[in-house]
Each structure stands twice: as C-alpha cells, then as structure tokens.
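I opened this notebook to record what I looked up in one structure. The entries follow the order in which I consulted the coordinates.

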Amino acid sequence: RKMHPDNTIVDVGGVKIGEGYFQVIEGPCSVESEEQVIEVANDVKASGATLLRGGAFKPRTSPYAFQGLHADGLKLLLEAKKETGLPIVTEIMNVNHVELFADVDLIQVGARNMQNFDLLKELGKLRKPILLKRGLANTLEEFLMSAEYIMAGGNSQVILCERGIRTFETKTRNTLDLSAVPMLKKLSHLPVIIDPSHATGISWMVEPLAKAAVAVGADGLMIEVHNNPAKALCDGAQSLNPEQFDTLMKDIKRRVEFEGKTMN
Ligand code: PEP
Ligand code: MN
C-alpha cells in the first residue's frame with residue numbers, strides 16, 4: 001500500500017473491477033454440459049452478471065466425486081463466452097496447464113492452492129488477471145503474501161476473494177470473514193470480492209451475505225448459479241437457480257448504486 005497509494009482497477013476482458021467498479025461473477029460450480037453452461041450463461045447475462053464462472057478442473061475432497069470435464073469444460077466455457085460475450089473465469093490446479101488456459105480471461109487460484117507457490121510464481125509471469133481465493137485456514141498476512149508471489153513476477157492484475165474460513169462453527173460450510181474486506185483494503189491496493197456461496201454452503205444465506213458484501217465495501221461478488229441446483233454435480237446446496245439470482249441482482253444493483261459504484 002505504501003508503494004501503491006492508488007487502488008488498482010483490474011480489467012478482465014474489458015470489464016473493470018475495483019475502485020468504484022463493482023462486478024458480479026457467477027455461473028455453475030462446475031461445467032457439466034453444453035446445454036447447462038449455455039443456459040446458465042444466457043440467464044445470468046440477462047440478469048446483469050458481467051463475468052461467467054464455471055469449474056473445469058475441480059478440487060474435490062473425495063477422489064470419487066465429479067472431477068470436472070477438464071479441457072472439454074474449458075471448450076464449453078469458451079463457447080458460452082462466444083454466445084454471450086461474457087469474459088470467463090475458471091480455476092487452474094496444475095502449473096503445467098498454464099498454456100491450456102491461454103484464452104481464459106480471469107484465471108482463478110482456488111482456496112486449496114492459495115499457497116501453491118510454484119503455481120503462483122508461474123502465474124506471476126503472465127500478463128493476465130488472476131483471481132486469488134483465500135485459503136481455508138490462512139491469515140490475511142498469508143493471503144497477501146500469496147498475492148505478492150504473483151505480483152513479484154510482474155503481474156499486478158490480482159483480485160482477492162474472501163470465501164469463508166474454517167472455524168469451530170458447523171452450521172455453515174465456512175465462516176465468512178467480512179472484516180477481511182476493510183482490512184485487506186487498508187493493507188493493499190487490490191480489489192476484494194466476496195464469495196457468499198462457498199462461505200456458507202447454503203443457498204438461502206447467499207442473499208443476506210451478498211448484501212453485506214456490498215455494505216462492507218467489497219468490489220464484487222462471486223455467486224454460484226445452476227439451472228437445476230437439485231441435480232448439480234457439485235455444490236447444488238449452495239447454488240441459486242436463475243430466478244433467485246435475478247431477484248438478488250435487482251436488489252444488489254440498487255445497493256451498489258447507493259454506494260456510488262458502477263456495475264459494468
Ligand atoms: C470454486 O470457486 O469453485 C471453489 C472450489 O472455491 P474455493 O476454492 O473457494 O473452495
Ligand atoms: Mn463450488
């Protein structure tokens with residue numbers, strides 16, 4: 001912050017985020033099929049989302065759970081981008097996949113890889129925005145040091161994402177650390193977004209915490225939306241359906257306006 005008093009605005013394929021620009025990244029946890037990703041992409045675009053997410057390489061706790069469609073999933077995301085014009089966001093897990101992600105607009109480093117330092121160093125060599133999610137049990141200092149790994153390589157286009165941390169509480173999947181937002185903004189110049197979906201694991205909790213994210217000064221949201229949450233191959237319980245997302249977006253837009261920020 002000392003060396004960089006101005007806030008960074010990250011440009012993701014023409015969509016600005018940070019310092020007055022508030023963006024909503026949304027889409028399914030995992031890309032499952034062409035119909036699914038295209039349908040969700042069209043629906044959320046109509047609701048005003050500006051970036052499309054979808055996992056192709058999924059870090060699953062169980063090796064027997066759906067692991068993602070891998071390279072085919074990336075292809076489907078690119079198709080959805082062609083159809084909707086929405087820049088795409090997807091998670092990289094392997095340092096050897098950097099070339100495979102060449103057409104991805106915003107590369108996500110998931111919570112489980114926040115301290116995969118070789119991966120962070122490799123992403124630091126790119127001139128492409130990176131979405132860095134906070135680790136399940138990492139301090140803000142460790143989080144910022146991971147961002148520093150990317151920036152030390154010369155890539156200053158980093159967005160931080162608070163997605164809940166492990167605590168003793170079990171009613172929610174994680175505990176959303178809202179205080180991370182003002183603290184990260186005090187210590188750093190990077191945009192900070194909130195992921196209320198992974199933070200709570202419960203679809204009805206997404207709305208109140210999305211509202212809180214706007215109020216606490218976040219620069220955006222990441223929300224999981226599925227065209228049929230009950231049938232989702234991953235994270236259905238925390239996913240909104242397109243109608244629920246549309247209702248939420250109408251409300252979020254008013255709140256973002258109240259904060260004097262711009263969406264898109
Ligand atoms: C995700 O965004 O799909 C994801 C796996 O999130 P996290 O890394 O925060 O668990
Ligand atoms: Mn998920």
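My entries below concern a metal site, a helix and the nonpolar cores.

**Entry 1: the model.** I note that the model is predicted.

**Entry 2: the metal site.** Which protein atoms are the donors of the manganese ion (ligand 2)? I found C29 (SG), H198 (NE2), E224 (OE) and D235 (OD), lying 2.0 to 2.4 Å from the ion. I wrote the spacing of these donor residues in sequence as C-x168-H-x25-E-x10-D. I placed H198 in helix α6 (residues 196-200) and D235 in the loop between β10 (220-224) and α8 (242-258), so this pair ties together parts that are 37 residues apart in sequence. I then looked up burial, and both H198 and D235 are buried.

**Entry 3: helix α2.** I traced α2 over residues 71-84, which makes 14 residues. From first C-alpha to last, α2 reaches 20 Å, close to the 20 Å expected at 1.5 Å a residue. Its buried residues are G73, L74, L76, L77, A80 and T84. Viewed down the axis of α2, the buried residues fall within an arc of 160 degrees, so they line one face of the helix. I found the exposed residues K75 and K82 on the face turned away from the buried side. The cover over the buried residues includes α1 (34-47), β4 (51-53) and β5 (88-91). Just after α2, I noted that G85 takes a positive phi of about 80 degrees.

**Entry 4: the cores.** The largest nonpolar core has 53 residues. Among the residues with the most contacts inside this core, I listed L123, L160, I223 and F245. I also recorded a second, separate core of 13 residues, which includes V15, I25, L131 and I193.

Key: Residues numbered from 1 in each chain as written. Chains lettered and ligands numbered in written order. Predicted model: local features only at pLDDT ≥ 70, side-chain atom pairs only at ≥ 80, totals over all residues. Heavy atoms only, no water. Core = buried A, V, L, I, M, F, W, Y, C linked by side-chain atoms within 4.5 Å. Buried < 20%, exposed > 50% of the residue type's maximum accessible area, 1.4 Å probe, protein only. Donors = N, O, S within 2.8 Å, 3.2 Å for Na, K, Ca; no water. Helix = DSSP H or I, 4+ residues; strand = E, 2+ residues; numbered from the N terminus. Expected span 1.5 Å × (residues − 1). Arc of directions from axis to C-beta. Contact = heavy atoms within 4.5 Å.
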